[in-house]
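User: I have a structure open and want to learn how to read it feature by feature. Could you take me through it?

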Amino acid sequence: MGLVRYSRWVSRLKTLNSQCKPFLSATSSFSSGTTAGNENPGRPGPPPIQVALTEASGRGVFATRKIENGELIHTAKPVLSHPSLSTVHRVCYFCLRKLGNTDTSQPQRVSFCSDDCKKQAEGFYDVEMRADWSVYDDYCRSHGLKYPLLVKRLACMVMSGAAPANLLDILQPASLSAEMISEMEAGFGLLRSTFRNSNITDEQMSFLTKQWYIGILARIRINAFRIELVEGLYDDLLSSAAASIEAEAAVGNAVYILPSFYNHDCDPNAHIIWIENTDARLKALRDVDAGEELRICYIDASMDHGARQSILSQGFGFQCSCLRCLSGD
């Protein structure tokens, strides 16, 4: 499915409830697609889910009531996103919506699909446009890297005061090898030098330490989603994981909070799709009982058992033990 994520492992038990509660009440970050049990039918109610600890996979998302097949469980907006370098001039620089007409006479120009997106982008755009990112982008392009672009954007958001430096601390980081850390250090040096060359002061960059850079990348590495736009009428989409597989090429990557708590299953009962922009939609693939864990598939569910296990192990760091894999299917 092109979902670049990883399963959630056991996190800080003593602070789990206090960490999750703000996101379960922040309707600006996500909302329900139904009004079931909502006293005010004119407004969407809270999503029928809760975040809790699983027996073996850390945090997970559970249904608080019966969810019907095809039901829109909730939507979510990213806390961080960035277009891919190959599409940066063909999509909105904020929401990644594909642009109808692009000005080919100005290939280095980025655009926004609306005044609203341009306004929301002020949290990073003013700082970002002060620097020359050609060397940094070439580094990412030549090494096939996409996540350092998200770190760059977050750093700009922090410098402008639009986001705290610990924005992603609630997310579980990946375990990094010494080789991975060594490779990340090169990107850190380029990011620091790019900001410094644009007259960003050391005081403004006080948070931008090697530890911060690597910590952010470690969280993005296993929590970022690859955004593939389905582009079609939502009501016409089949309630199938195939909707994501059939999506067009990725337009970028994004990090979400609540969707990052969904664990993996090769026979999922929910899936995540993007229609026109980075607004994520989580939809049930079958009836889900109250108390049942909601799971999505991180990869192409149509692959055979061996291929799935290989990709999950190499790309996500775990051996899948879902019922489908245990059966050898």
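**Charged pairs**

Analyst: Start with a single residue: glutamate 185 is partly exposed, with a relative accessible area of 34%. Keep in mind that this is a predicted model.

User: What does glutamate 185 meet in a salt bridge?

Analyst: The general idea comes first. Side chains of opposite charge can pair when their charged atoms come close. Here the partner of glutamate 185 is lysine 210, at 3.8 Å from N to O. Lysine 210 sits in helix 7 and glutamate 185 in helix 6, 25 residues apart, so the pair links distant parts of the chain. Lysine 210 is partly exposed too, at 38% relative accessibility.

User: How many salt bridges does the structure hold?

Analyst: It holds 13. One of them joins arginine 97 to glutamate 276, with the closest N and O atoms 2.9 Å apart. Arginine 97 lies in the loop between strand 5 and helix 2, and glutamate 276 in the loop between strand 9 and strand 10, so this pair ties together parts 179 residues apart in sequence.

User: Where do arginine 97 and glutamate 276 fall on the scale from buried to exposed?

Analyst: Arginine 97 has a relative accessible area of 27%, which makes it partly exposed. Glutamate 276 is at 43% and is also partly exposed. The cut-offs behind that reading are under 20% for buried and over 50% for exposed.

User: Which side chain does lysine 152 meet in a salt bridge?

Analyst: That of glutamate 128, at 3.5 Å from N to O. Lysine 152 is in helix 5 and glutamate 128 in helix 3, so the pair ties together parts 24 residues apart in sequence.

User: Are lysine 152 and glutamate 128 buried or exposed?

Analyst: Both are buried. Look for further partners as well: Glu128, Lys152 and Arg153 are linked in a network of salt bridges.

**The nonpolar core**

User: Next, the core. Which residues have the most contacts inside the largest nonpolar core?

Analyst: In soluble globular proteins, nonpolar side chains tend to be buried together. In this model, the largest nonpolar core has 86 residues, and Phe195, Tyr213 and Ile220 have the most contacts inside it. Helix 5 gives the most to this core, with 10 residues.

User: What is tyrosine 213 in contact with, beyond its neighbours within four places in sequence?

Analyst: Select tyrosine 213 and look around it. Its contacts are Tyr136, Pro148, Val151, Met184, Gly187, Phe188 and Leu191.

**Cysteines**

User: How many disulfides come out of the count?

Analyst: The count is 0. The test is distance: two cysteine sulfur atoms must be within 2.5 Å. The closest cysteine sulfur to that of cysteine 92 is in cysteine 113, 3.8 Å away, and therefore too far for a bond.

User: Are cysteine 92 and cysteine 140 buried or exposed?

Analyst: Cysteine 92 is buried, at 0% relative accessible area. Cysteine 140 is buried as well, at 1%.

**Strands and their partners**

User: How do I read a strand, and which way do the residues of strand 5 point?

Analyst: Follow the side chains along it. Leu80 and His82 point one way, Ser81 and Pro83 the other. All four are buried. Then find the partner strand: strand 5 runs antiparallel to strand 7, joined by 4 bridges. Serine 81 stands opposite alanine 254 in that pairing.

User: Which strands pair with strand 10?

Analyst: Strand 4 is one partner, antiparallel, over 4 bridges. There, leucine 72 has lysine 283 as its bridge partner. Strand 9 is another, also antiparallel, over 5 bridges. In that pairing, alanine 270 is matched with alanine 284. Strand 9 and strand 10 are joined by a hairpin through 5 residues.

User: How many residues of strand 10 are buried?

Analyst: 4 of its 5, so call strand 10 mostly covered.

User: One polar residue to finish. What does the side chain of histidine 74 contact?

Analyst: Locate it first: histidine 74 lies in strand 4. At 0% relative accessibility, histidine 74 is buried. Its side chain makes a polar contact with the side chain of tyrosine 262, at 3.0 Å.

Methods. Residues numbered from 1 in each chain as written. Predicted model: local features only at pLDDT ≥ 70, side-chain atom pairs only at ≥ 80, totals over all residues. Heavy atoms only, no water. Buried < 20%, exposed > 50% of the residue type's maximum accessible area, 1.4 Å probe, protein only. Helix = DSSP H or I, 4+ residues; strand = E, 2+ residues; numbered from the N terminus. Pairing = 2+ DSSP bridges. Core = buried A, V, L, I, M, F, W, Y, C linked by side-chain atoms within 4.5 Å. Contact = heavy atoms within 4.5 Å. Polar contact = N/O pair within 3.5 Å; in protein donor to acceptor, adjacent residues only side chain to side chain. Salt bridge = Lys/Arg side-chain N within 4 Å of Asp/Glu carboxyl O.
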